[in-house]
Structures are given as C-alpha cells and as structure tokens.
Amino acid sequence: MAVIVKYVVERNGVERMTFTSKKEADAYDKMLDVAESLEQMLSKVDVPLSEQQVESLALEIAKQKDEFLAVLKGGKPVATKKAKPSAKTNTENVTPLKEA
C-alpha cells in the first residue's frame with residue numbers, strides 16, 4: 001500500500017483544488033488571494049459588470065499577473081507561449097499525402 005500526500009486548497013469551506021506538492025498548493029492559494037483582492041477593486045469600478053464577470057475577470061488577471069504587471073509598468077505585452085507539438089508523434093495510423 002502506498003502513502004500519498006495531498007495538499008488541498010480550501011476557501012470558505014469549499015475544496016478548490018488538490019495538489020501533490022506544497023509549493024504548487026501555496027502558489028494556487030496565493031493566486032486566489034490576489035483574485036479576491038482584485039474582486040474587491042473591480043467591484044468599485046465605474047463599468048457595469050455582473051458579479052460573475054467581476055469574479056471571472058479577477059481570477060484571469062490573477063492567473064496572468066506577471067503579464068499584467070509588465071504592461072502596467074509600461075512594457076509590451078508578453079507573447080503567450082503556445083503548446084508545441086511533442087517530438088514524439090504517433091504516425092502509425094497516418095496515411096501519407098499523395099501529390100497531385
């Protein structure tokens with residue numbers, strides 16, 4: 001039998017996410033703290049947003065805080081990294097294209 005340590009991030013009695021490393025759990029918890037602070041800020045802006053929009057916007061800004069900070073400091077937006085296809089692709093069931 002294996003023993004597995006799990007770190008659970010909980011907010012207001014609700015389990016939000018489970019991690020296998022304390023570092024990842026702490027980072028996620030900190031991101032939720034930032035999102036909560038942003039929600040308070042965004043609820044005071046003079047733009048009509050629903051409660052759900054404020055919550056979603058705050059969470060997205062918190063997830064990408066480094067990119068937002070770079071822009072707010074006068075820098076250019078950081079190009080988002082797109083997932084590159086893995087070097088190992090399964091071509092077993094691929095039919096080669098014939099030239100016309």
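Are Phe19 and Tyr28 buried or exposed? Hold that thought for a moment, everyone, and thanks for coming. One caution before we look: this is a predicted model.

Now the reply: Phe19 and Tyr28 are both buried. They are also an aromatic pair, and the count of such pairs comes to one. The ring centres of Phe19 and Tyr28 lie 5.4 Å apart with the planes at 50°, so we call this pair tilted. For anyone wondering about the label, planes under 30 degrees apart would count as stacked and over 60 as edge-to-face.

Let's stay with Tyr28. Leaving out residues up to four places away in sequence, Tyr28 touches Val9, Arg16, Met17 and Phe19. Val9 comes back when we turn to the largest nonpolar core, which has 13 residues: Val9 and Tyr28 are the ones with the most contacts inside it. Two elements give two or more residues to this core, namely helix H1, residues 22-42, and helix H2, residues 51-63. H1 provides the largest share, seven residues. As a general reminder, nonpolar side chains in soluble globular proteins tend to be buried together.

On to the strands. S1 covers residues 7-11 and S2 covers residues 14-19; the two run antiparallel and are joined by five bridges. At the turn end, Arg11 has Val14 of S2 as its bridge partner. Two residues sit between the strands of this hairpin, and Asn12 takes a positive phi near 50° there.

Next, please look at Leu42, which belongs to helix H1. Which residues does Leu42 touch, if we skip those up to four places away in sequence? They are Val54, Leu57, Ala58 and Ile61. With a relative accessible area of 15%, Leu42 falls under the 20% cut-off, so it counts as buried. Another way to see the chain coming back here is through C-alpha atoms: those of Leu42 and Glu55 are separated by 8.7 Å, and the two residues are 13 apart along the chain.

Glu55 also takes us to my last stop, the largest pocket, where Glu55 is one of the lining residues. This pocket holds about 210 Å³ of space. Arg11 and Asn12, our friends from the hairpin, are in the lining too, as is Arg16. H1 and H2 each supply at least two lining residues, and the largest share, four residues, comes from H1.

That's my tour. If you rotate the model later, try starting from Tyr28 and Val9, the core residues with the most contacts inside it. Happy to take questions!

Notes
Residues numbered from 1 in each chain as written. Predicted model: local features only at pLDDT ≥ 70, side-chain atom pairs only at ≥ 80, totals over all residues. Heavy atoms only, no water. Pairing = 2+ DSSP bridges. Core = buried A, V, L, I, M, F, W, Y, C linked by side-chain atoms within 4.5 Å. Buried < 20%, exposed > 50% of the residue type's maximum accessible area, 1.4 Å probe, protein only. Contact = heavy atoms within 4.5 Å. Phe/Tyr/Trp six-rings, centres within 6.5 Å; stacked < 30°, edge-to-face > 60°. 1 Å grid on protein atoms, 1.4 Å probe; cavity = no way out; pocket = protein on both sides within 12 Å on 5 of 7 lines; lining within 4 Å. Points joined across faces, edges and corners; volume = space filled by probe spheres on them.
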